[in-house]
Amino acid sequence: MPLLVKLGKMFSILAGVLTISAYACGSVGCCVALLPAFLKGFASLFFILCAGYLMNDLCDMEYDGFNRPGNVFVGHRLPAGLAGRAVTALFAAGIICAFFVNPWFPAVILPLSAALALYNLYSKRLGIFKEAAISLIVV
């Protein structure tokens, strides 16, 4: 999947979070007051989603090389070692940003990050349970 399409997916997900947050607040004034926390949460989720997509490309290098040989990002455009370090840095940045949002946000982000990492590591072995794992991560 091209990088711009992946970024577009992430921004559409985060735009949905913004919309839901605006409805939950009930007024524009409330949303303006929460804007700094929202932007910190947005940054946290953005870094974690970037790490998840990059980790998926890293874990699926052999499959992508066979199924999409002209559209491989990790291994061709980005060396695998650098991609692994970038995944670690992006997950760390997302988790660190989570601690600046509020006290309970890391309690949500840490299990989400762990689930996303485990999904990427074991998704090819899940078989028919792969869709259930995706549903649990998205919820």
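Colleague: What percentage of the 139 residues of the protein chain count as buried?

Modeller: Bear in mind that this is a predicted model. Buried here means under 20% relative accessible area. By that cut-off, the share of the chain's 139 residues that count as buried is 27%.

Colleague: OK, and how many helices and strands are there in the protein chain?

Modeller: Reading along the sequence gives the pattern α-α-α-α-α-α-α. So going by the DSSP runs, the protein chain has 7 helices and 0 strands.

Colleague: How are helix 5 and helix 6 oriented, roughly parallel or roughly antiparallel?

Modeller: Take helix 5 as residues 80–99 and helix 6 as residues 105–122; their axes come within 8 Å and cross at roughly 165°. Angles over 145 degrees count as roughly antiparallel. The crossing is also right-handed. So relative to helix 6, helix 5 is roughly antiparallel.

Colleague: How many charged residues are in the contact of helix 5 with helix 6?

Modeller: On the helix 5 side you'll find F91, G94, I95, A98 and F99, and they meet helix 6 residues including F105, P106 and I109. Sorting the contact residues gives 10 nonpolar and 2 polar, and the charged count is none: no charged residues.

Colleague: Which helix supplies the largest share of the largest nonpolar core?

Modeller: That core has 15 residues, with I48, L54, M55, V87, F91, F105 and I109 having the most contacts inside it. Helix 3 (35–59), helix 5 and helix 6 each give at least two residues to this core. The largest share, 5 residues, comes from helix 3.

Note on methods:
Residues numbered from 1 in each chain as written. Predicted model: local features only at pLDDT ≥ 70, side-chain atom pairs only at ≥ 80, totals over all residues. Heavy atoms only, no water. Axes fitted to C-alpha atoms, helices over the stretch in contact; angles between N-to-C directions. Helix = DSSP H or I, 4+ residues; strand = E, 2+ residues; numbered from the N terminus. Parallel < 35°, antiparallel > 145°, perpendicular 65-115°, else oblique. Left-handed = near helix turned anticlockwise from the far one by under 90°. Contact = heavy atoms within 4.5 Å. Nonpolar A, V, L, I, M, F, W, Y, C, P; charged D, E, K, R; others polar. Core = buried A, V, L, I, M, F, W, Y, C linked by side-chain atoms within 4.5 Å. Buried < 20%, exposed > 50% of the residue type's maximum accessible area, 1.4 Å probe, protein only.
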